[in-house]
Amino acid sequence: MLRRILAFLVFPRFLPKGGKEDLPRDGMFYAVRNGRRTGVYHTWEECKEQVDRYPYASFKKFGSEEAAWNFVDGGTSSSTGTLAEEASHADTTPPDDPSPVAEGEYAVVYTDGCCSSNGRSKARAGTGVYWGPGHPLNSSERLPGRQTNQRAEIHAACKAVEQAKSQNIKKLAIYTDSKFTINGMTSWVPNWKSNGWKTKTGKEVINKEDFEKLSKLSEGMDIQWMHVPGHAGFTGNEAADRLAREGAGKSSK
């Protein structure tokens, strides 16, 4: 209720007025719980402005305004459909996912990386990419080169982008539990590029080559970087984690 009151005070047009003129153009209501501006919107375009490339965005589409406001207020009311359900791989998005993906033009993929004995001489890292149950693009590979968990997370995303390009997918929503990868691609990489790939303290970026590869692959793509909590029971994330662990058990290339 507090969010509804705040939205009314700052953006009064989001509250119901009861007239036919206030109905959304497609008959649906777009609720933004976490974005640039929380509230209920009448069009996807308005909603997208608030969540596009916004870290950890949380939003859904509903058939009634009351259900939409319940979601904004922190409730768990069921909807007539979420944005994720309209995506081309909708069945990969688990129920009650905290970050439903954008509208149907986006393909959904989950990525994960793992590394046993991380930081030690016997470390074994693997990457997992999950597109859906029995999907032919599901991938489980041993990470080549330096064996670390962070490299595995980045290269899992690289694999997903490569696969998307091979299928001529231009808009991709990557779900990952790696805030390191998300922050790297949405914040750090642009700064590193402008600073000659140096940190604020003038040191070399440790994962420079890995982020360079992911950044290069991402050119020409519209990518939504979506965070999902790891080991929290979300189907897609758990599946990607299993694939990553299987990859770590394979022989190195």
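Which residue of β8 does L172 stand opposite? The residue is I223. I will start from that pair and work outwards. Please keep in mind that this is a predicted model.

L172 and I223 belong to a longer pairing: β7 and β8 are joined by 6 bridges and run in the parallel sense. Take β8 by itself. Its residues are buried, 6 of 6, so the strand is largely enclosed by the rest of the structure. The side chains split into two sets. D222, Q224 and M226 point one way, while I223, W225 and H227 point the other way. Every one of these residues is buried, the aspartate D222 included.

On to the other strand of the pair. T176 sits in β7. Its relative accessible area is 2%, and under 20% is the cut-off for buried, so T176 counts as buried. Setting aside residues within four places in sequence, T176 is in contact with T111, E153, I182, M226, H227 and V228. M226 and H227 are residues of β8 that we have just met. A polar atom of the T176 side chain also lies 3.0 Å from the backbone nitrogen of S178. For a link across the sequence, consider V109: 67 residues separate V109 from T176, yet their C-alpha atoms are 8.8 Å apart.

Just ahead of β7 there is a loop worth a remark. N168 is found between α4 and β7. Most residues other than glycine have a negative phi. N168 is not a glycine, and its phi is positive, about 60 degrees. With a relative accessibility of 57%, this residue counts as exposed.

Next, helix α5, residues 179-194. Does the end-to-end distance agree with the number of residues, or disagree? It agrees: at 1.5 Å a residue, 16 residues should span 22 Å, and the end C-alpha atoms are 22 Å apart. There is nevertheless a kink of about 55 degrees at W188, shortly before the proline P190.

Which residues of α5 are buried? They are T181, I182, G184, M185, V189 and W192. These buried residues pack against four elements, namely α4 (149-166), β7 (171-176), α6 (208-218) and β8 (222-227). I182 is also one of the contacts of T176.

After α5 comes G196, with a positive phi near 65 degrees. W197, in the loop between α5 and α6, also has a positive phi, near 55 degrees, and W197 is not a glycine. W197 counts as buried, at 10% relative accessibility, whereas N168 counts as exposed.

Now to another part of the model, the antiparallel sheet. Three strands form an open sheet in the order β2-β1-β3. β2 (39-41) and β3 (58-62) are the edge strands; each has a single partner, so one side of each is left without a neighbour in the sheet. From one strand to the next the twist averages 25 degrees.

β1 (residues 29-34) is joined to β3 by 5 bridges, and the two run antiparallel. Within that pairing, Y30 stands opposite K61 of β3. Helix α2 packs on the sheet and touches β1, β2 and β3, with its direction at about 10 degrees to that of β1. Helix α3 (residues 65-72) also lies across β1, β2 and β3, and α3 too runs at about 10 degrees to β1.

So is β3, an edge strand, enclosed or open to the outside? It is largely enclosed by the rest of the structure, because 5 of its 5 residues are buried. S58, K60 and F62 are on one side and F59 and K61 on the other, and both faces are covered. That set of buried residues includes two lysines, K60 and K61.

I will finish with one residue of α2 (residues 44-51), Q50. Q50 counts as buried, at 7% relative accessibility. A polar atom of its side chain is 3.4 Å from the backbone oxygen of E46. Leaving out residues up to four places away in sequence, Q50 touches V32, G35, R36, R37 and Y41. V32 falls in β1, and Y41 in β2.

Terms used
Residues numbered from 1 in each chain as written. Predicted model: local features only at pLDDT ≥ 70, side-chain atom pairs only at ≥ 80, totals over all residues. Heavy atoms only, no water. Expected span 1.5 Å × (residues − 1). Bend = angle between axes of the 7 residues up to and from the residue. Buried < 20%, exposed > 50% of the residue type's maximum accessible area, 1.4 Å probe, protein only. Contact = heavy atoms within 4.5 Å. Polar contact = N/O pair within 3.5 Å; in protein donor to acceptor, adjacent residues only side chain to side chain. Pairing = 2+ DSSP bridges. Axes fitted to C-alpha atoms, helices over the stretch in contact; angles between N-to-C directions.
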